[in-house]
Amino acid sequence: MIGLPFESREMIYETIRFNIELKSVDPTFNIFYPFPGTKLRELCIKENLFDKDYELNRSNKMLFYESPLINTLVPANEIKSIQSTAFLYLNIPGLLYPLIDLCGNDEDPFSSRLTKELREIAYRSKYDNIE
């Protein structure tokens with residue numbers, strides 16, 4: 001899980017590196033959501049990290065794809081970008097890591113195309129050897 005209250009960019013990357021070290025097969029990096037009735041939600045409201053009027057509902061299509069937190073160390077758009085590129089870090093050679101930093105921005109045509117190309121490399125690297 002990434003995007004927790006008070007989590008730094010470095011802590012998020014530590015989570016990704018830990019999964020690399022573990023050689024995780026198919027990890028999922030879900031984005032934190034402060035569910036009603038939890039201590040973390042109470043903390044988020046107390047620390048002004050979450051709008052208490054924002055409620056979980058089925059019409060919220062962004063749930064789990066974007067962080068609902070505000071005033072955090074890592075902005076919501078960066079958390080989303082890191083989440084969308086985590087698969088790449090786990091499945092392509094380290095030599096290409098600097099290119100991953102350019103990925104994850106769906107609004108930028110270059111970033112979007114680069115993300116697509118690197119995903120193809122990652123999928124081939126991961127799944128071409130499966131028999």
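A polar contact here is a pair of N or O atoms within 3.5 Å, where one must be able to donate a hydrogen and the other to accept it. That idea comes in handy further on, when Ser111 turns up. The model described here is a predicted one.

To start with the overall layout, the chain has five helices and zero strands. Walking along the sequence, the pattern simply reads α-α-α-α-α. Of the 131 residues in the chain, 32% are buried. The accessible surface adds up to about 8,700 Å², and carbon and sulfur atoms hold 55% of that. As for how the chain meets itself, among contacts with a separation of 6 or more, 53% are between residues 24 or more positions apart.

Next comes the inside. The largest nonpolar core is built from 18 residues. The residues with the most contacts inside this core are Ile2, Ile12, Ile16, Ile79, Leu88, Ile100 and Leu118. Three elements give two or more residues to the core, namely helix H1 (9-22), helix H3 (76-91) and H5. Helix H3 gives the most, with six residues. There is also a second, separate core of six residues, and Phe32, Tyr33, Phe50 and Leu69 are included in it.

Ile100 is a handy spot from which to look around the largest core, being one of the residues with the most contacts inside it. With neighbours within four places in sequence set aside, Ile100 is in contact with Thr85, Leu88, Tyr89, Ile92 and Leu118. Two of these partners, Leu88 and Leu118, are also on the list of residues with the most contacts in the core.

Helix H5 (109-127) follows a loop that separates it from helix H4 (97-100), and Leu102 is found in that loop. Leu102 counts as partly exposed because its relative accessibility is 45%, a value that falls between the 20% limit for buried and the 50% limit for exposed. Together with Leu99 and Phe110, Leu102 makes a nonpolar surface patch of about 280 Å².

Ser111 sits in helix H5 and is a different story as far as exposure goes. With a relative accessibility of 0%, Ser111 counts as buried. This is where the opening definition pays off: the side chain of Ser111 reaches the backbone nitrogen of Asn105 at 3.0 Å, and that distance is within the 3.5 Å cut-off, so the pair fits the distance limit for a polar contact. Leaving out neighbours within four places in sequence, Ser111 is in contact with Leu102, Cys103, Gly104 and Asn105. Leu102, then, is part of the surface patch and also a contact of the buried Ser111.

Charged residues come next. Side chains of opposite charge can pair when their charged atoms come close. The structure holds four salt bridges. In one of them, the side chains of Glu78 and Arg9 meet, with N to O at 2.6 Å. This pair ties together distant parts of the chain, since Glu78 belongs to helix H3 and Arg9 to helix H1, 69 residues apart. Helices H1 and H3 are also among the elements that give two or more residues to the largest core. Both partners count as partly exposed, because Glu78 has a relative accessible area of 29% and Arg9 has a relative accessibility of 36%.

Another salt bridge brings together the side chains of Arg17 and Glu10, with N to O at 2.3 Å. Arg17 counts as partly exposed at 37% relative accessibility, and Glu10 is partly exposed too, with a relative accessible area of 43%.

Helix H5 has a salt bridge of its own. Glu117 pairs with Arg113, and the closest N and O atoms are 2.9 Å apart. The two residues both lie in helix H5, four residues apart, which is about one turn of the helix. Glu117 is partly exposed, with a relative accessible area of 29%, whereas Arg113 counts as exposed because its relative accessibility is 53%.

A last stop is Ala76 in helix H3. With a relative accessible area of 27%, Ala76 is partly exposed. The C-alpha atoms of Ala76 and Glu66 are separated by 6.3 Å, with their positions 10 residues apart along the chain.

Definitions and conventions: Residues numbered from 1 in each chain as written. Predicted model: local features only at pLDDT ≥ 70, side-chain atom pairs only at ≥ 80, totals over all residues. Heavy atoms only, no water. Patch = residues over 30% accessible without salt bridge, like charges linked within 9 Å, V, L, I, M, F, W, Y side chains within 5 Å. Areas by Shrake-Rupley, 256 points an atom, 1.4 Å probe, with all protein chains shown as cover. Buried < 20%, exposed > 50% of the residue type's maximum accessible area, 1.4 Å probe, protein only. Core = buried A, V, L, I, M, F, W, Y, C linked by side-chain atoms within 4.5 Å. Contact = heavy atoms within 4.5 Å.
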